[in-house]
Amino acid sequence: MDRVSALDESLKKTLGPATAKVMAEQLDLHTVGDLLHHYPRRYEERGQLTRLADLPLDEDVTVVAQVADSRILKFNGGRGQRLEITLTDGSGRLQLVFFGRGIHKPHKDLLPGSRGMFAGKVSIFNRKLQLAHPTYVPLGTDSGDEAVDSFAGKLIPIYPACKGLESWKITKAVDAVLPRAGEAADPLPPSLREGRGFLTLPEALLKIHRPDTKADVAEARDRLKWDEAFVLQVALARRRHADTQLPAVARKPVAGGLLDAFDAKLPFTLTDGQSAVTREIFADLATEHPMHRLLQGEVGSGKTMVALRAMLSVVDAGGQAAMLAPTEVLAQQHHRSITEMMGELAEGGMLGGPEKATKVVLLTGSMGAAARRHALLDLVTGEAGIVIGTHALIEDKVQFHDLGLVVVDEQHRFGVEQRDALRSKGKQPPHLLVMTATPIPRTVAMTVFGDLETSVLDQLPAGRSPIATHVVPAQDKPHFLARAWERVREEVGKGHQAYVVCPRIGDGEDEPKKKAASKAAEADGDKRPPLAVLDIAKQLTAGPLAGLRTEVLHGRMQPDDKDDVMRRFAAGEVDVLVATTVIEVGVNVPNATAMVIMDADRFGVSQLHQLRGRVGRGSAPGLCLLVSEMPEASPARARLGAVASTLDGFELSRIDLEQRREGDVLGQAQSGVRSSLRVLSVIEDEDVIAAAREEAVDVVAQDPELDAFPELRTALDALLDTEREQYLDKG
């Protein structure tokens, strides 16, 4: 049997159809290889031998003792039975108890007078110490100290289990396939493995499943972490290498063009960070291979300015630029702010427009037919140098004259196919700039966005004000909530504006969501559904904010109505905007200084940070109040405390990721396959990921097709099916 097929063998053949069915359905384990890579999540220690006189309650112990007596007792009207065994070691007594069908074997094995070793957790019942269903090994008269020591010190693997398949059953199943570990193809090149002093893969599999010592576990985990990091980084390095082979039109800056005219009008100087990132982007645009760059920056760090200057330079070089936004509100906001920033330079082709100008068009799904036809014509003729739109940009009807740059804003909101469809509209692959205001720790950037070069904007432009954040415990201290509304009135009294954010829209239309939210709330021991925009707006206008000009904004409103509300808010005609998270990204109203987030515990850490970034955008300081009814000791309140304690988005994103599963981090929802990471942690194993990336780059540079590394190629195929590799490709 060759080395690959041994591990590809179906578990049905090895374990039988019943067990294999449960493993496939509940744990997504189908082959011998899958089961070998289903690692224990922890290990129980049976504990050192303990005298019966010294047994600690609620702890795992191992004892050697003699059976004093054994009896079967009936209960439940004779329908149930239990086996009670009393042990003695001369220092004290201990009761063992077994129930149901589990009584027959111990009843035969543990006869009065026999000796054995017993391991389990000490509990108390009817004032007697007992072990329920302990693990045991009968000891013959010739069992010496060595047998006792080896049993007592043994590490017991505890596997991720499921209904119908307890950990001990998985242990038995692993025992059945463990001999095949010797046939596992080792993905690490021998020189790399030997150079770093790693175990072979078969040795690592044996030690992770059946360790003799904790050192065995550590050694095995070190090796297996490397496999996961290295194979993933090789996949990403191959994508980066393939991208460098693609042709693209070099878009070199042109002196005296639109960009220079725009820069001459700027009323401020760029931050050092903006200048440095712009240099990186312009260098990429000037090459004959497509740029793939991730631009991450704190809310308000000036990413849009950087992206606009890149778009203008592409227009100068004869190309067109498209900006893809996740929502209509954001697309309209970007269109408005970019045309305002450009002024007359956005009036290309219009009567009286300057010579150095281009058209900036908006394209969204809700536009009228005539406006839409006009926009499409401007794109196909090249009249419009810049287009800003939603997923409507991706439709087949949309054709460009010469698409040179795609800017994707808030990329995590787009599926792989959407981003790819827009990129395919260029005659040659266009350059790609991906922007996100969700700060991403370096290791996640290397893992999830590993095929993109990363630029970071971590300076806020001059004139930005600090934001004070406080938690408002509405349940414990209702007067704090009353004070929150007073603070909103004070800000409005100074001529400023405020946001109130709620998790839900409200009214009958989202009844199914409300029910689902209520169920989720009940599961958390919290009976109330999330607060809704429409309800809170009514309460505020009739109560604490009576007399203020209050409006609502949410995703179910007609696009024109949404745009009208945002325009009036931006113009200062609305004092308080009660909204859903539709305002989370891109909304820029410098006069808004206060934000109250209702049920703040229902939002994620990064989302709260994003929302908070909507205030403090002008010269007046910002205030963000996080309202929650959760008790002080709850994890939810700890999360809110973390948000209140720092404005550092990178620190908050670390906290956020530590509270989520690695699978979420790797975009499991988008990729459609389960997370491939079992022992590697993208948060804790930064050094491993960084080192694996370096090694992967070297290997791929020498041999992009991995012809010299068939085992690595096999591991790559197993780890990254086509769907996942495509997902990684799009970052």
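Strands β11 (residues 359-363) and β12 run parallel, and 5 bridges join them. This is a predicted model. One of the pairings can be followed residue by residue: L362 has I388 as its bridge partner in β12.

How does the chain get from β11 to β12? Helix α15 (residues 369-381) belongs to the path: β11, α15 and β12 make a β-α-β unit. The unit is right-handed.

Strand β12 also pairs with β10 (residues 320-324). Here 4 bridges join the two strands, and they too run parallel. In this pairing, A322 is matched with V387 of β12. So β12 has bridges to β10 and to β11, and a strand counts as paired with another when there are at least two bridges between them.

Is β12 covered or open? The strand spans residues 384-389, and 6 of its 6 residues are buried. In general, side chains in a regular strand alternate between the two faces of the sheet.

Now move past the strand. The loop between β12 and β13 (403-409) holds D402. Is D402 buried or exposed? Its relative accessible area is 19%. D402 is therefore buried, because the cut-off for that class is under 20%.

What surrounds D402? Leaving aside neighbours within four places in sequence, D402 is in contact with R251, G318, G319, Q320 and K427. Q320 lies within the span of β10, residues 320-324. With R251 there is also a polar contact: the side chains of D402 and R251 meet at 3.0 Å.

Definitions and conventions
Residues numbered from 1 in each chain as written. Predicted model: local features only at pLDDT ≥ 70, side-chain atom pairs only at ≥ 80, totals over all residues. Heavy atoms only, no water. Buried < 20%, exposed > 50% of the residue type's maximum accessible area, 1.4 Å probe, protein only. Right-handed = clockwise from strand over helix to strand, strands pointing away. Polar contact = N/O pair within 3.5 Å; in protein donor to acceptor, adjacent residues only side chain to side chain. Contact = heavy atoms within 4.5 Å.
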